[in-house]
Amino acid sequence: MAEAVHQAELAAQRGEVPVGAVLVRDGRIIARNGNRTLELNDPTAHAEVLVIRDACNLAQSQRLPDCDLYVTLEPCPMCAAAISFARIRRLYFGAGDAKGGAVEHGTRFFTQPTCHHAPEVYSGIGERRAASILRDFFETRRIPDRSK
């Protein structure tokens, strides 16, 4: 998770929402990235999708059944679907996302009858640090109310 946090910090430095992800196979990181939606002008360029794309290219397969995904924020519906379609073995995430998450919040994608594959899910891994990075990022972007 430390490398996913580092990728989130790099994303924040680029002005992106600070979410980082790494994909691990046999204890080794095979893909790492952070959000790049602004940089790439691509609403699908979430950290999870980017590392899944990289790992699938490396594996020359659309399936990653022997891989584990570490991500700093609870995946959204799009990312949960990508995780399912890639057949990721385990998902570890840091901070929950009551507004946009789709694993323990919102649609709870992996519990739906239409879900093709549900990974093992472990939440709260490095939650304090992941939540802190997000909170700090958004606090610097809020405009103070000067009407008072």
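**Helices around a mixed sheet**

Hi everyone, let's start with a pair of helices: the axes of helix 1 (residues 2–13) and helix 5 come within 10 Å and cross at roughly 5°. Axes here are lines fitted to C-alpha atoms, for helices over the stretch in contact, and angles run from 0 to 180 degrees between N-to-C directions. Helix 1 and helix 5 are therefore roughly parallel to each other, a label for angles under 35 degrees. Which residues make the contact? From helix 1 they are V5, E9 and A12, and from helix 5 they are R129, I133 and F137, where contact means heavy atoms within 4.5 Å. Of these residues, 4 are nonpolar, none polar and 2 charged; Ala, Val, Leu, Ile, Met, Phe, Trp, Tyr, Cys and Pro count as nonpolar, Asp, Glu, Lys and Arg as charged, and the others, Gly among them, as polar.

A word on the source: this is a predicted model, where local features need pLDDT of at least 70 and side-chain atom pairs count only at pLDDT 80 or more, while totals for chains, interfaces and linings use all residues. Residues are numbered from 1 along each chain as its sequence is written, and side-chain values use heavy atoms, leaving out hydrogens and water. Helices (H or I, at least four residues) and strands (E, at least two) are DSSP runs, numbered from the N terminus.

Now the sheet. It is open, with 5 strands in the order 2-1-3-4-5 and mixed pairing; two strands pair if DSSP finds at least two bridges between them. Strand 2 and strand 5 (120–123) are at the edges with a single partner strand each, so one side of each has no neighbour in the sheet. Strand 3 and strand 4 (residues 90–95) pair in the parallel sense over 5 bridges, and D68 stands opposite R90 in strand 4.

Helix 3 lies across strand 1, strand 2 and strand 3, at about 140° to strand 2. Its buried residues are A47, E48, V49, L50, V51, I52, A55 and C56, buried being under 20% relative accessible area, exposed over 50%, and partly exposed in between (1.4 Å probe, protein chains only). They pack against strand 1 (20–25), strand 2 (28–34), helix 2 (37–40), strand 3 (67–73) and helix 4 (77–86). After helix 3 comes Q60, with a positive phi near 55°.

Last stop: R141, in the segment after helix 5 (127–139). R141 is partly exposed, at 44% relative accessible area. Leaving aside residues up to four places away in sequence, R141 touches A12 and G15. Thanks for listening!

Conventions:
Angles under 35 degrees count as roughly parallel, over 145 as roughly antiparallel, 65 to 115 as roughly perpendicular and the rest as oblique.
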